[in-house]
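Got your viewer open? Here is a short tour, one selection at a time.

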Amino acid sequence: MGCFTFVKVMMILFNMFIFLAGLTLMGVGIWVSVDGSSFLKVLGPFSGNAMQFVNVGFFCIAIGAVLVLLGFMGCYGAHKESRCLLIMFFAIILIIFIAEVAAGVVALAYSSFAEGILKAWATTALKEEYGKVEVVTKIWNTTMTELKCCGFTNYTDFHDSYYYNHNAQNYPPACCTISSSNPCSNTTAKYSEIQGCFEQLLTILKKNANIVGGIAAGICGVEVAAMVVSMYLYCYLDKHAR
């Protein structure tokens, strides 16, 4: 009984933290989506490097909502000793875990296939939405500025795009090693040889492989622990309910 009580309390405290973290993330996401300018003012001197946070406000809201749901199910399920909520909590964590592992396996074993899918999505967005849809334009501008890259593969991703056709057949400034006051023509972009964002991202990930691997292992460890604890509580309650 002592072991069950300890695990139950730990489950409640852990999921309460997840619930509060989700609420915080949702609040920040709503704030930066609705009033990004005031959020940047709060950041003060860091605001110049924080525009990417404004562009992912809806992503923060979505992740926050998932955390709130999981935190509530785990905390309330453990507190009320609800087998239904505990098994639902276990099932959701298991689905997320399997999806993460599957994504990792596909990315490693079928890297060219994964690259093809990403390229098809990114190229379509660059050709049809960049310069036309504000959110897409801001995200790509931030990505290209921060990573010092151009397009998904290179500057040719913008050829015959909406931006290209509506800007005197010039490319975004990030595609050329020139000042923003001069147009980025085809010739200038060609000789600038700015690397594509996909290759640049791979380079960054390779340089920080230990950190990325550690974070991934930590997340998987927490998910496994959450599944083990929730299943333990479920099995204990199911056994004593008979």
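Which helix is Val 9 found in? Select Val 9 and you land in helix H1, residues 2-34. Keep in mind that this is a predicted model. Val 9 has 37% relative accessibility, so it counts as partly exposed. Now add Phe 6, Met 10 and Leu 13: together with Val 9 they make a nonpolar surface patch with about 370 Å² of accessible area.

Next, on to the rings. Searching the whole structure turns up eight aromatic pairs. Pick Tyr 130 and Phe 158 for an edge-to-face one, with 5.1 Å centre to centre and 65° between the planes. Tyr 130 sits in the loop between helix H6 (111-128) and H7, and Phe 158 in the loop between H7 and H8, so this pair ties together parts that are 28 residues apart in sequence. Are these two buried or exposed? Tyr 130 is buried at 2% relative accessibility, and Phe 158 is buried at 0%.

Then select Tyr 155 and Tyr 171. Their ring centres are 5.3 Å apart with the planes at 90°, so call this pair edge-to-face. Tyr 155 is in the loop between H7 and H8, Tyr 171 in the loop between H8 and helix H9 (186-192), so the link spans parts 16 residues apart in sequence. Tyr 155 counts as buried at 15%, and so does Tyr 171 at 2%.

For another ring stop, show Phe 4, Tyr 232 and Tyr 236, a cluster linked by ring pairs.

Last selection: Asp 157, in the loop between helix H7 (134-147) and helix H8 (162-165). Asp 157 is buried, at 6% relative accessibility. Leaving out residues up to four places away in sequence, Asp 157 touches Thr 123, Leu 126, Lys 127, Gly 151 and Phe 152.

Notes:
Residues numbered from 1 in each chain as written. Predicted model: local features only at pLDDT ≥ 70, side-chain atom pairs only at ≥ 80, totals over all residues. Heavy atoms only, no water. Patch = residues over 30% accessible without salt bridge, like charges linked within 9 Å, V, L, I, M, F, W, Y side chains within 5 Å. Areas by Shrake-Rupley, 256 points an atom, 1.4 Å probe, with all protein chains shown as cover. Salt bridge = Lys/Arg side-chain N within 4 Å of Asp/Glu carboxyl O. Helix = DSSP H or I, 4+ residues; strand = E, 2+ residues; numbered from the N terminus. Buried < 20%, exposed > 50% of the residue type's maximum accessible area, 1.4 Å probe, protein only. Contact = heavy atoms within 4.5 Å. Phe/Tyr/Trp six-rings, centres within 6.5 Å; stacked < 30°, edge-to-face > 60°.
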